[in-house]
Amino acid sequence: MYARVTFTQIAPDKADEAESIMRDVVLPMMRQQKGFKNYCSFVDRASSKVISITVWETEADRVASSQPSDYYRAAIAKVAPFFMTPPVVENYEAEIYS
């Protein structure tokens, strides 16, 4: 599996709204993408820092999900207004155990 890890900082008074948009709007969009497996986020409310992780079946699926497309542009448009800093994106091969 392959993961995209995104680090950003959001407006402190917008954390709940951003979380709601991700859960109710962006996550359903992600679930429709080929190879999507999972999403999780970690929020430090004191600093407003956020770490978001998406997991994809193959590296090709992960790459395709970040290419300019209707899905990608729509997803970014939904969350970008909450960013206080530009997102930093890193990609990893993932080992997931449950």
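Colleague: Which elements do the buried residues of α3 pack against?
Modeller: In this predicted model, the buried residues of α3 are Tyr71, Ala75 and Val79. Seen down the axis of α3, these residues fall within an arc of 50°, so they line one face of the helix. The elements that this buried set packs against are α1, β3 and α2 (59-65).

Colleague: Which exposed residues does α3 carry on the face turned away from its buried side?
Modeller: A residue counts as exposed when its relative accessible area is over 50%. On the face of α3 turned away from the buried side, the residues that are exposed are Asp70 and Ala77.

Colleague: Which element gives the most to the largest nonpolar core?
Modeller: The largest nonpolar core has 11 residues in all, including Met22, Met29, Phe36, Trp56 and Tyr71. Two or more of its residues come from each of α1 (15-31), β2 (36-44) and α3 (70-79). With five residues, the element that gives the most to this core is α1.

Colleague: Which residues is Met29 in contact with, leaving aside its neighbours within four places in sequence?
Modeller: Met29 belongs to the largest nonpolar core, and so do Tyr71 and Ala75. Once neighbours within four places in sequence are left aside, the residues in contact with Met29 are Tyr71, Ala74 and Ala75.

Colleague: In what order do the four strands form the sheet?
Modeller: Strand β1 (residues 2-9) pairs with β4 in the antiparallel sense over six bridges, while eight bridges join β1 to β3, again antiparallel. Eight bridges also join β2 to β3, which run antiparallel. The edge strands, each pairing on one side only, are β2 and β4 (88-93). The sheet is open, and the order of its strands is β2-β3-β1-β4.

Colleague: Which residue in β3 is the bridge partner of Tyr39?
Modeller: Eight bridges join β2 to β3, and the two strands form a hairpin with four residues between them, where Ser48 in the turn has a positive phi of about 65°. Within β3, the bridge partner of Tyr39 is Thr54.

Colleague: What angle does the direction of α1 make with that of β2?
Modeller: The sheet has a twist that averages 15° from one strand to the next. Helix α1 packs on this sheet and touches both β2 and β3 (49-56), and the angle between its direction and that of β2 is about 150°.

Colleague: How many residues apart are Arg45 and Asp16, whose side chains meet in a salt bridge?
Modeller: The N to O distance in this salt bridge is 3.1 Å. Arg45 is partly exposed, with a relative accessible area of 47%, whereas Asp16 is exposed at 54%. The pair links distant parts of the chain, with Arg45 in the loop between β2 and β3 and Asp16 in helix α1, and their separation is 29 residues.

Colleague: Which residues do salt bridges that share partners join into one network?
Modeller: A search of the whole structure finds eight salt bridges. One of them has the side chains of Arg23 and Asp24 meeting at 3.1 Å, N to O, and Arg23 is partly exposed with a relative accessible area of 45%. Through shared partners, the residues joined into one network are Asp16, Glu19, Arg23, Asp24 and Arg45.

Conventions: Residues are numbered from 1 along each chain as its sequence is written. This is a predicted model: local features need pLDDT of at least 70, side-chain atom pairs count only at pLDDT 80 or more; totals for chains, interfaces and linings use all residues. Side-chain values use heavy atoms; hydrogens and water are left out. A nonpolar core is a set of buried Ala, Val, Leu, Ile, Met, Phe, Trp, Tyr and Cys residues joined through side-chain atoms within 4.5 Å. Buried means under 20% relative accessible area, exposed over 50%, partly exposed in between (1.4 Å probe, protein chains only). Contact means heavy atoms within 4.5 Å. Two strands pair if DSSP finds at least two bridges between them. Axes are lines fitted to C-alpha atoms, for helices over the stretch in contact, and angles run from 0 to 180 degrees between N-to-C directions. The arc is that of the directions from the helix axis to the C-beta atoms. A salt bridge is a side-chain nitrogen of Lys or Arg within 4 Å of a carboxyl oxygen of Asp or Glu.
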